[in-house]
Amino acid sequence: MTAILARVPATETQPIPLFDLKRQQTRLRHDIDRRIARVLDHGQFVLGPEVAELESELAAFAGVKHSIGVSSGRDALIMALMAMGIGAGDAVLVPAFTFSATAAVVISVGATPVFVDVDEATYNMDADAIGPAVADAKSRGLTPRAVMPVDLFGRPADYAAIKAAADAHGLPMIADAAQSFGAVSNGARVGALAPITCVSFYPTKPLGAFGDGGAILTDDDDLASAVRQIRTHGRQGDGDEAMRIGMTGRLDTIQAAILLSKLSVFKAELNRRAEIAALYASRLKGLVGLPQADDEATRSAWALYTITVPERDRVREAMGAREIGTALFYRIPLHRHPAFSGLLSGNERLDVSERLSNEVLSLPMGPDLTDEEAHLVCDALIEAR
Ligand SMILES: Cc1ncc(COP(=O)(O)O)c(C=O)c1O
């Protein structure tokens, strides 16, 4: 157990929620109060000094040149698409097994999401499915413009394979890293794995604010300056001219102050999440379908620990009766959402996404979950299965 995380003890009779944000708040409350008070004192609620400080810490953490604090993960993706000039008539390849925002942002800029199936073992975009999806998009008269891998549940997508497949069609990657800030792949952190990376600081994410927030990470000077304009009404610096169409897309100073506090313990929290994932894997191996474990090359941020199990709904109900919080991320693959089902060509092969959505079950996860609680989760799951 990591020493830095002083734990609030839990007993066998307490419910075990899917996420327990309260314990982290208790640990950090004093520091967070102090930082918020400082923002109230200086009064720079929009793009105050904490935003710039956080941006430079995030860039250093991820090993990239630019980090831009923005209003949410969804807005980060929209601003990345806008900065790349993607719009009407264009297609963006997205996995079919992810949160709905991944496809919704593409439609928000006037383009069309084209669904790509995922890999059974990692739940992430299957690089082999990119070629057929590009051909399908072209046959529909669309211009493929980008591939948008998602690091589902915190595990980085196979960026090397996806890049090779995307490069073959001249397509850049836009990483939807909403769930994976802090993860590592082949020695590089999320943020340095794609030309532009979009992160969410939604409260339940590995690095979570006390409200909405996000960041864009990139090494590209032009993309960074475009995003900085877009997040402030298209303006350049303090200028009053709109240089391009923009939005109100900034990270609040108070959220930046909170995130600075959380970033100071983030590495220890990532290690603790990895310990819990390893404990779950050791107890559940051979009994249920497990998410891919960390290895030399890849370290997940373990936003969620998501297994697959037959009769998932019955198992979930039995765990719920023992007050163990679980969730169905994601119960419906994107192509079956009413908002997207009209966008299909009929040529898609999305069998793995279909199967996973029927079998996945996310277990309690977080840096303040105790070993004892993780064992109770496993006991309940093993009994219910
Ligand atoms: C894969 C994915 N993309 C995008 C988003 C959107 O992020 P936000 O809620 O910060 O707008 C989320 C949030 O849950 C997500 O999980």
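**The ligand and its pocket**

In this predicted model, a backbone N or O atom of R74 sits 2.9 Å from an oxygen atom of the ligand. Right next door in the numbering, G73 does something similar: one of its polar backbone atoms is 2.7 Å from a ligand oxygen. K205 joins in through its side chain, with an N or O atom there lying 2.6 Å from an oxygen atom of the ligand. Taken on its own, the ligand has 390 Å² of accessible area, and the protein covers 90% of that.

Widening the view, the shell around the ligand holds 15 residues, and those that come nearest are G73, D176, Q179, S200 and K205. In character, the shell splits into 6 nonpolar, 6 polar and 3 charged residues. Two helices, α3 (73–83) and α4 (101–108), each put at least two residues into this shell. The biggest share comes from α3, which supplies 3.

As for where the ligand sits, the space it takes up is the largest pocket. This pocket has about 460 Å³ of space. Its lining runs to 25 residues, with F99, A178, S200, Y202 and K205 closest to the centre. The helices α3 and α4 turn up here too, as the elements that give two or more residues to the lining. By type, the lining residues come out as 12 nonpolar, 9 polar and 4 charged. S200 and K205 thus feature twice: both are among the residues nearest the ligand, and both are among those closest to the centre of the largest pocket.

Definitions and conventions: Residues numbered from 1 in each chain as written. Predicted model: local features only at pLDDT ≥ 70, side-chain atom pairs only at ≥ 80, totals over all residues. Heavy atoms only, no water. Near = heavy atom within 4 Å. Polar contact = N/O pair within 3.5 Å; in protein donor to acceptor, adjacent residues only side chain to side chain. Areas by Shrake-Rupley, 256 points an atom, 1.4 Å probe, with all protein chains shown as cover. 1 Å grid on protein atoms, 1.4 Å probe; cavity = no way out; pocket = protein on both sides within 12 Å on 5 of 7 lines; lining within 4 Å. Sits in = over half its atoms within 2 Å of the grid points. Helix = DSSP H or I, 4+ residues; strand = E, 2+ residues; numbered from the N terminus. Nonpolar A, V, L, I, M, F, W, Y, C, P; charged D, E, K, R; others polar. Points joined across faces, edges and corners; volume = space filled by probe spheres on them.
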